Amino acid sequence: YSARELAEHFIKRIQSLDPELNSFISITAEQALAQADAADAARARGEAGPLTGLPIAHKDIFCTRGVRTSCGSRMLDNFNAPYDATVVEKLQAGGAVVLGKTNMDEFAMGSSNETSYYGPVKNPWDLTRVPGGSSGGSAAAVAARLVPAATGTDTGGSIRQPAALTGITGLKPTYGRVSRWGMIAFASSLDQAGPMATSAADCALLLSAMAGHDPRDSTCVDRPVDDYSADLDKPLTGLRIGLPKEFFPTTLDGRIADSTHAALRELEKQGATLVEISLPSVDLSVPAYYVIAPAEASSNLSRFDGVRYGYRCNDPQDLEDMFKRSRSEGFGAEVKRRILVGTYALSHGYYDAYYLKAQKVRRLISDDFARAFEQVDVIMGPTSPELAFGLGAKSDDPVTMYMADVFTIAVNLAGLPALSMPAGLIDGLPVGVQVIGNYFREGQILNVAHRFQ
Ligand code: GLN
């Protein structure tokens with residue numbers, strides 16, 4: 001197929017199926033067709049790379065020049081970014097064709113895609129259920145084959161959890177592997193962009209294009225990018241898989257435990273050995289995260305003041321009134337909750353008790369993983385404690401919602417790479433298994449996922 005034919009095919013699917021799913025915030029059909037023609041021309045000149053002509057979608061957290069970049073918020077509903085994020089630039093340089101921007105929880109805060117200003121996304125496997133979040137639009141779009149691959153971001157699980165709930169593969173790279181420049185900041189020490197696709201092989205191709213040093217992000221690591229496709233087929237003989245007992249609590253849904261064990265048996269058959277391990281501090285990861293992430297968010301979101309860009313209230317009485325009403329009207333309830341919690345945790349007199357304490361817990365969690373990786377090559381467990389839940393089932397109960405990331409958050413606190421791979425269906429709903437690697441071992445976890453698939 002030509003790039004144009006591919007783009008036309010997927011645009012048609014988006015136009016006919018997305019009104020029900022709501023996985024896109026913006027569709028950029030015209031630009032996509034122009035990019036597709038450029039890809040076909042490059043191919044004709046013999047200049048095609050592995051991504052040339054591949055249709056993709058970007059989570060609406062990545063700045064895209066001249067196209068609305070809303071971050072799922074009323075605050076940025078009117079915001080057309082004046083530049084492209086590094087991830088957007090790199091994928092475009094690789095020849096990818098961008099079909100649009102996907103729906104997401106507001107400012108990436110959520111696990112169900114229900115905090116979006118543009119309404120919830122529906123899970124293509126069951127339209128009464130959530131696709132997970134916050135990259136739920138990307139996950140649903142890929143799962144429904146509205147696009148072959150998409151970008152996501154993962155601060156506490158937002159690539160892996162929706163990948164699990166929609167039956168696709170999603171990878172969060174090592175912190176610093178992919179540039180955050182032009183990616184709207186939620187919690188800067190945790191945020192990381194990664195690929196979401198139907199297979200580990202596709203994630204490998206995308207990651208190879210997305211990763212790499214960027215002088216515009218000082219936390220982006222200057223280290224050569226691996227060829228993530230090179231080792232996909234490598235046999236798993238001798239691979240040591242660590243199973244932390246904390247990821248298999250007695251309260252875990254028995255069906256999810258069974259699916260995880262079935263996946264592990266398959267890997268054992270291929271020559272891997274299973275090692276029981278313990279990560280004693282990971283039980284503290286959710287509370288530590290919900291101090292650190294809101295603290296960073298409260299600082300990052302202070303830029304949305306109604307002055308420079310984004311939403312501004314009507315008829316402000318004075319400057320104070322403009323700040324107040326622009327922020328009250330522009331932000332949704334969950335975002336306000338995070339700003340309040342974060343501001344409180346950082347305030348004089350509470351800083352040591354909350355923020356500093358959480359940072360100490362974060363170090364203990366990193367140390368747990370470092371010790372574990374002296375014994376094992378990868379660590380596995382379920383991605384999500386639950387299958388896709390009903391729309392509205394948790395929206396009134398933030399703490400229950402926060403527990404959706406109980407198995408994914410520790411990885412962000414430690415800055416490690418991890419992916420979620422599909423491991424079958426339970427009662428017609430997808431289940432995901434998580435594979436965590438040591439720093440910069442994205443190739444190894446992709447190898448495990450590829451051999452499993
Ligand atoms: N669900 C978590 C939160 O609400 C993680 C979100 C994310 O990874 N962006 O903060």
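Start by selecting Phe440, which sits in the loop between strand 11 (429–437) and helix 14 (442–452). Keep in mind that you are looking at a predicted model. Check the backbone torsions here: Phe440 is not a glycine, yet its phi is positive, at about 65 degrees. For context, most residues other than glycine have a negative phi. As for its surroundings, Phe440 counts as partly exposed because it has 19 C-beta neighbours inside 10 Å, and the cut-off for buried is 20 or more.

**Zoom out**

Now show the whole chain as a cartoon. You should be able to pick out 14 helices and 11 strands. The radius of gyration is 21 Å, close to the 22 Å that the globule rule gives for 453 residues, so the chain is as compact as a globular protein of that length. If you draw a box along the principal axes, the C-alpha atoms fill roughly 70 × 65 × 45 Å. Colour by burial, and 56% of the 453 residues come up as buried. A contact map is worth a look too: of the contacts with a separation of 6 or more, 75% are between residues 24 or more positions apart.

**Helix 6, from the inside**

Next, select residues 200–210, which are helix 6. How many of its residues are buried? The count is 9 of 11, so helix 6 is largely enclosed by the rest of the structure. Put sticks on the buried set: Ala200, Cys203, Ala204, Leu205, Leu206, Leu207, Ser208, Ala209 and Met210. To see what surrounds them, add helix 3, strand 4 (149–153), strand 5 (169–172), strand 6 (193–197), strand 10 (418–426) and helix 14, since these are the elements that the buried residues of helix 6 pack against. Helix 14 is the one that follows the Phe440 loop from your first stop.

Step just past the end of helix 6 to Gly212, where phi is positive at about 130 degrees. Carry on along the loop that leads from helix 6 to strand 7 (240–244) and stop at Val221. Val221 is partly exposed, with 17 other C-beta atoms within 10 Å. Which residues does Val221 touch, leaving aside its neighbours within four places in sequence? They are Gly176, Arg177 and His213. Try a distance label from Val221 to Tyr175 as well: the C-alpha atoms are 8.5 Å apart, across 46 residues of sequence.

**Two more backbone stops**

Select Cys71, in the loop between strand 2 (55–59) and helix 3 (86–93). Cys71 is another non-glycine residue with a positive phi, near 55 degrees. Is Cys71 buried or exposed? It is buried, with 31 other C-beta atoms within 10 Å.

Then go to Gly133 and Ser134, which are joined by a cis peptide bond with omega about 5 degrees. Most peptide bonds are trans. Ser134 is placed in the loop between strand 3 (97–102) and helix 4 (136–143).

**Last stop: a helix pair**

Finish with helix 8 (residues 285–300) and helix 11 (residues 352–375), whose axes are 9 Å apart at an angle of about 125 degrees. That angle makes helix 8 oblique to helix 11. The crossing is left-handed. For the contact itself, show Ser285, Ala288, Val291, Ile292 and Ala295 from helix 8, against Tyr354, Tyr355, Ala358, Val361, Arg362 and Ile365 from helix 11. Colour this contact by class and you get 9 nonpolar, 1 polar and 1 charged residues.

Key:
Residues are numbered from 1 along each chain as its sequence is written. This is a predicted model: local features need pLDDT of at least 70, side-chain atom pairs count only at pLDDT 80 or more; totals for chains, interfaces and linings use all residues. Axes are lines fitted to C-alpha atoms, for helices over the stretch in contact, and angles run from 0 to 180 degrees between N-to-C directions. Helices (H or I, at least four residues) and strands (E, at least two) are DSSP runs, numbered from the N terminus. Angles under 35 degrees count as roughly parallel, over 145 as roughly antiparallel, 65 to 115 as roughly perpendicular and the rest as oblique. A crossing is left-handed if the near helix is turned anticlockwise from the far one by less than a right angle, and right-handed if clockwise. Two residues are in contact if their C-beta atoms, placed from the backbone, lie within 7 Å. Ala, Val, Leu, Ile, Met, Phe, Trp, Tyr, Cys and Pro count as nonpolar, Asp, Glu, Lys and Arg as charged, and the others, Gly among them, as polar. The radius of gyration is taken over C-alpha atoms; the globule rule is 2.2 Å times the number of residues to the power 0.38. A residue is buried if 20 or more other C-beta atoms lie within 10 Å of its own, exposed if 12 or fewer, and partly exposed in between; C-beta atoms are placed from the backbone.
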